[in-house]
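Trainee: Got a minute to go through this one with me? I'd like to start with the overall layout and then pick at some details.

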Amino acid sequence: MELETLPEKKATEVGSYFVANYPPFSIWSPEHKPAILAALDRPPKPDTKLGLYLHIPFCRKRCKFCYFRVYTDKNASEIEVYLSALSKEIDLYAGRQGFENRQFEFVYFGGGTPSYLSNAQLERLIERINQRWTWSAAKEVTFECEPGTLKESKLQTIKKIGVTRLSLGVEHFDDEVLSINGRAHKSPEITRAYQWAREVGFPQINIDLIAGMLGETEDKWKYAVAKAIELDPDSVTIYQMEVPFNTGIAKDAREHGGVSAVASWAQKRAWVDYAFNEFQKSGYVVSSGYTLVKPERHAGFVYRDSLWHGADLIGTGVASFGHFQGVHYQNVDRWEDYIERLNAGELPIHRALPVEPHQLLIREMILQLKTGKIDAGYFRQKFGADILKEFSEAFDSLVEEGFAEIDGQQVRMTRQGILRVDSLLPRFFEPQFRNIRYT
Ligand code: SF4
């Protein structure tokens with residue numbers, strides 16, 4: 001069976017497609033730093049959930065599609081310096097008024113590659129953090145892993161520090177595709193790591209795939225989907241490959257007139273559509289434009305759903321993003337600055353943006369649309385706004401184009417809508433943010 005492609009053949013050009021936040025990052029600025037410092041000292045609003053993100057910026061190799069702040073050349077003593085700075089940073093948040101009587105609802109170790117850390121580095125980091133903070137009350141502790149960095153003993157350490165959800169960055173099962181895209185692992189390491197993770201007994205295991213990696217073909221994609229289903233994870237995340245500005249693929253594209261070697265958007269959507277159908281046949285249900293879950297075994301995405309419903313998030317580590325009491329912020333993105341600021345006993349915050357109440361509404365609305373459904377009643381209750389009326393032009397256009405259906409207070413994205421959901425979100429942006437650079 002050949003996968004159906006849509007008539008629209010838009011090439012994958014350099015730029016950001018994925019909408020992770022609102023307003024766009026490009027307008028966050030150092031001049032707003034006082035706003036985040038003030039927010040940290042405001043008494044917390046009751047019932048606002050709190051999360052912690054820890055950025056572990058080390059990888060064995062830099063993938064050609066990666067746009068994160070990561071380092072592939074740091075030795076053990078430099079890693080020690082970083083981990084010490086990271087624990088100091090987390091420590092600096094303790095005692096500020098905005099954290100009074102609050103516990104972490106969720107914790108996320110992201111990267112980079114958190115599993116790059118050795119058992120000893122990981123244990124020391126947690127021991128330092130635990131002097132001021134614990135996550136014993138957290139509903140979910142997620143840890144991202146690169147399969148080739150795992151050993152059974154490391155997985156035991158990861159489990160011991162309280163991780164409930166392991167996220168395996170598989171991306172593909174074809175060794176040639178993995179190699180062309182600069183991934184450090186090969187397929188045998190995936191199977192081995194997955195089996196160990198099951199044996200160690202993590203409550204939740206997620207695997208990540210990417211549709212449209214360099215060298216992707218229809219047969220290879222079908223093989224990757226079949227292998228992923230065979231592993232039987234509790235959830236799967238499937239991204240469509242994009243080409244943000246500071247990636248190896250973008251650099252190659254610039255040398256070839258701006259168009260990358262990545263498959264067209266229509267092709268990638270067809271591949272994800274195929275994957276969704278295959279996973280659904282195996283009992284999974286679509287939980288967003290990028291995720292499917294086994295409903296009887298899946299415990300929910302606490303990190304995602306809390307953030308998309310307005311939780312506070314302390315983003316720690318170099319270049320990390322956070323949100324606290326209505327203010328977005330990001331840390332300094334240079335290693336030297338990050339270490340220096342923490343050595344001086346200061347929070348390493350670089351830029352911020354106080355978000356207007358109406359923008360907080362837009363933010364939640366577009367993020368929740370990524371799950372494929374929103375309830376207008378939620379926005380009436382939380383923001384006192386009738387979103388179907390206020391954003392009627394944008395919602396009507398989605399319906400007219402066949403990307404959404406509205407039934408009373410419920411908006412549901414169609415399959416064609418959810419497959420391209422990020423490209424549909426800018427129509428909900430305020431006019432001044434519609435045509436500016438996003439990152
Ligand atoms: S493993 Fe992840 S964070 Fe590291 S270079 Fe590859 S994509 Fe980037």
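Mentor: We'll take the domains, the core, the ligand shell, one helix and one proline. Keep in mind that this is a predicted model.

Trainee: Fine. Which domains does the assignment give?

Mentor: The domain assignment gives domain 1 as residues 25–306 and domain 2 as residues 368–439. Their C-alpha centres lie 26 Å apart.

Trainee: And how many residues of each are in contact?

Mentor: On the domain 1 side there are 10, in contact with 12 residues of domain 2. Helix 9, residues 265–281, supplies the largest share of the domain 1 side, with 3 residues. By class, that side has 4 nonpolar, 4 polar and 2 charged residues.

Trainee: What about the largest nonpolar core, which residues have the most contacts inside it?

Mentor: Leu209, Ala211 and Met365 do, in a core of 117 residues. Domain 1 and domain 2 both contribute residues to this core, so it lies between them.

Trainee: Met365, then. What is it in contact with, leaving aside neighbours within four places in sequence?

Mentor: With that restriction, Met365 is in contact with Ile374, Phe379, Ile387 and Phe428.

Trainee: Changing topic: which residues are around the ligand?

Mentor: Three cysteines are in the list: Cys59, Cys63 and Cys66. The others are Arg62, Phe68, Val70, Gly111, Gly112, Thr113, Glu146 and Gly169. The shell divides into 5 nonpolar, 4 polar and 2 charged residues.

Trainee: Now helix 4. Which of its residues are buried?

Mentor: Helix 4 covers residues 152–160, and its buried residues are Leu155, Thr157 and Ile158. Seen down the helix axis they fall within an arc of 155°, so they line one face of helix 4.

Trainee: What do they pack against?

Mentor: Helix 3 (119–129), strand 3 (140–145) and helix 6 (187–200). After helix 4 comes Gly162, which has a positive phi, near 100°.

Trainee: Last one, Pro354. Where is it placed?

Mentor: Pro354 is in strand 12, residues 349–354.

Trainee: Why does it count as partly exposed?

Mentor: Because Pro354 has 16 other C-beta atoms within 10 Å, and a residue needs 20 or more to be buried, or 12 or fewer to be exposed.

Trainee: Which residues does it touch, again without the neighbours within four places?

Mentor: Pro354 is then in contact with His32, Ala35, Gly326 and Val327. His55 is another matter: 299 residues separate it from Pro354 along the chain, and their C-alpha atoms are 23 Å apart.

Conventions:
Residues numbered from 1 in each chain as written. Predicted model: local features only at pLDDT ≥ 70, side-chain atom pairs only at ≥ 80, totals over all residues. Domains from an automatic or database assignment. Contact = placed C-beta atoms within 7 Å. Helix = DSSP H or I, 4+ residues; strand = E, 2+ residues; numbered from the N terminus. Nonpolar A, V, L, I, M, F, W, Y, C, P; charged D, E, K, R; others polar. Near = placed C-beta within 6 Å. Core = buried A, V, L, I, M, F, W, Y, C linked by C-beta atoms within 7 Å. Arc of directions from axis to C-beta.
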